[in-house]
Amino acid sequence: MTPTRTRTWTWTGTRSGTRTGGPASPPGYLTVGRAVALPVRRISVIIAAVLLVLIVAGALATLSLGRLGIPLADLAGAVTGGAEGKDAFVLERLRGPRLVVAVGTGAALGLSGALFQSVTRNPLGSPDVIGLNAGAGAGAAIVALFLPGTLPVPMGALAGAVLAMVLVYVSTGSGFRSPGRLVVAGIGVAAIATAVIQYVVYAVERDKASVLTAYVNGSLAARSWDDAGTIWLVLLVVAPLTALIARRLGIAEMGDELAGGLGSEPGTTKSIAVTLSIVLSAGAVSVAGPIAFIALTAPQIAKRLTHGSGPHLTLSALVGALLLVLADLAAQQAPLFENLPVGIYTMAIGGVYLGYLLIREWRRGIRLT
């Protein structure tokens, strides 16, 4: 009989952490057979555990707060199948699907941003920059206002996002291989898509244009279990593929020449990473509309939490999930602003983050002078 080949998880590497005055220790690697080797530091594991706890806390708050919230004492029984009456409505129709969509969408956007920023080596890079969100808004505008009843608005948003990415791909002349061309082409496509949105809004009556609010800014209101299934299916398909290129992405951050010398094929790696990033963002757009700034801020927060190099794919996904859960909690419970789309709150998060970066760079400039 021939021996059975098994696939095992193994850990190799040194202890992780930082010492005062010295560089961080090299990461260990979590390997799956010979195909996958994920760099993992102890500090990353600790932070991931803390982020998971915070996500659970945010989920409990989402389900329990407010007039229709399920009391904490009854929540465990409701989640395990004992919900009845109002609690069943809240859990199964009103807040349960919305919460699951928020976690999945935030994770998808965080992972998407980490992939894109790793390829472009730009902390201000994200799929938003290359016109995906603007394309989604344009597609939603056209379907909602000119083709009502023909297609669901989320499908229009997804079609607009895909078309925008096709235009970017063709415009660069080299596909997704050149980050510089990608950003320039994306800015142009975003400008065109924004012009389409403005034309549609001003070309029709304003009361009809109000249906665009959710899809221009992003919203988690009235989500269903079908939406939850869609975004989690995208994550389950794409996440393993990102794990396959995680090590190559880490090597690629050292520079194309060195990465090529080490056999990581930087051109191919960039194309795969950008494609996966776009798929994740398109999946998020299809269920929640073009939610801004999560893909931009989540990877940078993950980097600052660990003070380490690398794409931080898992941590970026967890930070993205936490940010969107908290933003949606604010959208539901904030007493001063009722029924605002969650995208408004993520814009506020992005604005605070960008303001922090500007102040930080300003202070650094003062110290240098």
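The legends below describe an overview and several close-up views of one predicted protein model.

In this predicted model, local features need pLDDT of at least 70 and side-chain atom pairs count only at pLDDT 80 or more, while totals for chains, interfaces and linings use all residues. Residues are numbered from 1 along each chain as its sequence is written, and side-chain values use heavy atoms, with hydrogens and water left out.

**Overview. The protein chain has 15 helices and three strands.** Helices (H or I, at least four residues) and strands (E, at least two) are DSSP runs, numbered from the N terminus. Of the 369 residues in the chain, 48% are buried. Buried means under 20% relative accessible area, exposed means over 50%, and partly exposed lies in between, with a 1.4 Å probe and protein chains only. Contact means heavy atoms within 4.5 Å. Among contacts in the chain with a separation of 6 or more, 70% are between residues 24 or more positions apart.

**View 1. L115 and L280 in the largest nonpolar core.** A nonpolar core is a set of buried Ala, Val, Leu, Ile, Met, Phe, Trp, Tyr and Cys residues joined through side-chain atoms within 4.5 Å. The largest one has 74 residues, and L115 and L280 touch the most other members. Apart from neighbours within four places in sequence, L115 is in contact with T242, I245, L249, A273, L276, S277, L280 and L313. A second, separate core has five residues, among them A134, A138, A193 and I197.

**View 2. Helix 5 against helix 12.** Helix 5 covers residues 132-146 and helix 12 covers residues 266-288. Their axes come within 11 Å and cross at roughly 35°; axes are lines fitted to C-alpha atoms, for helices over the stretch in contact, and angles run from 0 to 180 degrees between N-to-C directions. The crossing is right-handed. A crossing is right-handed if the near helix is turned clockwise from the far one by less than a right angle, and left-handed if anticlockwise. On the helix 5 side, L132, N133 and A136 meet I278, S281, A282 and V285 of helix 12. These contact residues divide into five nonpolar, two polar and no charged. Here Ala, Val, Leu, Ile, Met, Phe, Trp, Tyr, Cys and Pro count as nonpolar, Asp, Glu, Lys and Arg as charged, and the others, Gly among them, as polar.

**View 3. V101 in helix 4.** Helix 4 covers residues 96-120. V101 is buried, with a relative accessible area of 0%. V101 and A288 are 187 residues apart in sequence, and their C-alpha atoms are 8.0 Å apart in space. Leaving aside neighbours within four places in sequence, V101 is in contact with L220, R223, S224, D227, A228 and V287.

**View 4. L63 in helix 1.** Helix 1 covers residues 42-64. L63 counts as buried because its relative accessibility is 7%. From C-alpha to C-alpha, L63 and L91 are 7.4 Å apart, with their positions 28 residues apart in sequence. Outside the neighbours within four places in sequence, L63 is in contact with G69, I70, L75, L91, R95, G96 and L99.

**View 5. N217 in helix 9.** Helix 9 covers residues 213-217. At 16% relative accessibility, N217 counts as buried. The C-alpha atoms of N217 and I291 are separated by 6.1 Å, although the two are 74 residues apart along the chain. Not counting neighbours within four places in sequence, N217 is in contact with P290, I291, P341, G343, I344 and M347.

**View 6. Helix 13 and the residues on either side.** F293 lies in the loop between helix 12 and helix 13. Its phi is near 75°, a positive value in a residue other than glycine, and F293 counts as partly exposed because its relative accessibility is 23%. Helix 13 covers residues 294-306, and its end C-alpha atoms are 18 Å apart, which agrees with the 18 Å that its 13 residues should span at 1.5 Å a residue. The expected span is 1.5 Å times one less than the number of residues. Buried residues in helix 13 include I294, A295, L296 and T297. I301, also in helix 13, is partly exposed at 26% relative accessible area. I301 touches V319 and L323, not counting residues up to four places away in sequence. Helix 13 is followed by H307, whose phi is positive, near 55°.
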